[in-house]
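Q: Please take me through the reading of such a model, one feature at a time, with the general idea before the particular case.

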Amino acid sequence: MRAARLVKARFSGAKLDGAILDQAWLLEADLTGASLVGAHLFAAQLQRARADGADFSRARIAGDLTGASLRGAKFVEANMAADMKNQSWA
């Protein structure tokens with residue numbers, strides 16, 4: 001689902017383990033209780049998404065989480081660091 005437009009999508013309780021959601025637009029999406037173990041969310045747009053209780057363990061997350069609700073979400077061994085190859089150094 002790379003670069004998919006999933007605005008306000010309902011993925012509550014969904015099993016999205018290993019999903020490729022790079023550059024996906026998940027604005028205001030409902031990911032409550034979803035399993036995203038090992039998923040890729042590079043440059044994903046998750047503004048105002050609801051991901052309470054979601055499992056992002058071992059996921060690669062580098063996106064915009066502005067206003068997202070992440071209460072009780074799991075990030076065990078998740079990679080949330082910037083991609084150093086994609087950084088500008090003035």
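A: Let us begin with one residue: Glu-28 is partly exposed, its relative accessible area being 28%. Buried means under 20% relative accessible area, exposed means over 50%, and partly exposed lies in between (1.4 Å probe, protein chains only). The model is a predicted one, so local features need pLDDT of at least 70 and side-chain atom pairs count only at pLDDT 80 or more, whereas totals for chains, interfaces and linings use all residues. Residues are numbered from 1 along each chain as its sequence is written, and side-chain values use heavy atoms, with hydrogens and water left out.

Q: Which residue forms a salt bridge with Glu-28, and how far apart are the closest N and O atoms?

A: A salt bridge is a side-chain nitrogen of Lys or Arg within 4 Å of a carboxyl oxygen of Asp or Glu. Here the partner is Arg-48, with the closest N and O atoms 3.1 Å apart. This pair links distant parts of the chain, since Glu-28 sits in the segment before strand 1 (40-45) and Arg-48 in the loop between strand 1 and strand 2 (60-64), 20 residues apart. Strands (E, at least two residues) and helices (H or I, at least four) are DSSP runs, numbered from the N terminus. Arg-48 is itself partly exposed, at 45% relative accessibility, and together with Lys-8 and Glu-28 it belongs to a network of salt bridges.

Q: How many salt bridges does a search of the whole structure find?

A: The search finds five, among them the pair Arg-50 and Asp-30, whose closest N and O atoms are 3.8 Å apart. Arg-50 lies in the loop between strand 1 and strand 2 and Asp-30 in the segment before strand 1, so this pair ties together parts that are 20 residues apart in sequence. Another of the five joins Lys-15 to Asp-17 at 3.4 Å; Lys-15 counts as exposed, at 68% relative accessibility, while Asp-17 is partly exposed at 34%.

Q: Is Asp-30 buried or exposed, and what does it touch?

A: Asp-30 is buried, with a relative accessible area of 15%, whereas its partner Arg-50 is partly exposed at 39%. Contact means heavy atoms within 4.5 Å, and on that basis Asp-30 touches Ala-9, Arg-10, Phe-11, Ser-12 and Arg-50, when residues up to four places away in sequence are not counted.

Q: Which residues touch the most other members of the largest nonpolar core?

A: In soluble globular proteins, nonpolar side chains tend to be buried together. A nonpolar core is a set of buried Ala, Val, Leu, Ile, Met, Phe, Trp, Tyr and Cys residues joined through side-chain atoms within 4.5 Å. In this model the largest such core has 24 residues, and Leu-26, Leu-36, Leu-41 and Phe-56 touch the most other members. Leu-26 has contacts that include Leu-6, Phe-11 and Leu-41, leaving aside residues up to four places away in sequence.

Q: What does the secondary structure of the protein come to?

A: It comes to zero helices and two strands. The radius of gyration (taken over C-alpha atoms) is 12 Å, close to the 12 Å that the globule rule gives for 90 residues, so the protein is as compact as a globular protein of that length. That rule is 2.2 Å times the number of residues to the power 0.38. Buried residues make up 39% of the 90.
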